[in-house]
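Colleague: Please put the model on the screen. I have some questions about its fold and a few of its residues.

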Amino acid sequence: MKKSIWKQCKSKNRYRNEHEVNQYRKMYERERGKKLDYYWCVYCKGYHLTSSESFLELRYGEAL
Ligand SMILES: [Zn+2]
């Protein structure tokens with residue numbers, strides 16, 4: 001497990017379950033008028049939000 005990944009996890013919001021991440025997803029989508037996605041993170045065992053356009057660039061930390 002790489003340290004840099006952990007750093008990313010810390011800088012992002014982490015959600016404990018799908019219900020929670022969906023609530024925030026809807027809220028941010030409304031706020032930004034932009035479609036968002038969420039994914040399960042194996043490093044922190046939680047969910048993170050990401051904009052769908054940068055979904056494939058997750059590994060580089062370009063996500064929300
Ligand atoms: Zn994470």
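The questions below go from the overall fold to single residues.

Colleague: In what order do the elements of the protein run from the N terminus on?

Modeller: This is a predicted model. The protein has two helices and two strands. From the N terminus, their order is α-α-β-β.

Colleague: Which element has the highest mean pLDDT, and which the lowest?

Modeller: The protein as a whole averages a pLDDT of 80, and 72% of the residues score at least 70. Among the elements, the highest mean, 95, belongs to helix 2 (residues 18-32), and the lowest, 74, to helix 1 (residues 3-11). The answer is helix 2 for the highest and helix 1 for the lowest.

Colleague: How far does helix 2 reach from its first C-alpha to its last?

Modeller: Helix 2 has 15 residues, for which 21 Å is expected at 1.5 Å a residue. Just after this helix, glycine 33 takes a positive phi of about 60°. The span of helix 2 in the model is close to the expected one, at 20 Å.

Colleague: Is valine 21 buried or exposed?

Modeller: Valine 21 is found in helix 2. The cut-off for a buried residue is 20 or more other C-beta atoms within 10 Å. Valine 21 has 22 C-beta neighbours inside 10 Å, so it counts as buried.

Colleague: Which residues does valine 21 touch, not counting those up to four places away in sequence?

Modeller: One of them is leucine 49, which is 28 residues from valine 21 in sequence but 7.2 Å away in space, C-alpha to C-alpha. Leucine 49, in strand 2, stands opposite tyrosine 38, and valine 21 touches both Tyr38 and Leu49. The full set is Tyr15, Tyr38, Tyr47 and Leu49.

Colleague: In what sense do strand 1 and strand 2 pair, and over how many bridges?

Modeller: Strand 1 covers 36-41 and strand 2 covers 46-51. They form a hairpin with four residues between the strands. The pairing is antiparallel, and the number of bridges is six.

Colleague: Which residue in the hairpin of strand 1 and strand 2 takes a positive phi near 55°?

Modeller: The residue lies in the loop between the two strands. It is not a glycine, although its phi is positive. With 10 C-beta neighbours inside 10 Å, it counts as exposed. The residue is lysine 45.

Colleague: What share of the residues in the protein is buried?

Modeller: Valine 21 counts as buried, whereas lysine 45 counts as exposed. Over the 64 residues in the protein, the buried share is 12%.

Terms used. Residues numbered from 1 in each chain as written. Predicted model: local features only at pLDDT ≥ 70, side-chain atom pairs only at ≥ 80, totals over all residues. pLDDT = per-residue confidence, 0-100. Expected span 1.5 Å × (residues − 1). Contact = placed C-beta atoms within 7 Å. Pairing = 2+ DSSP bridges.
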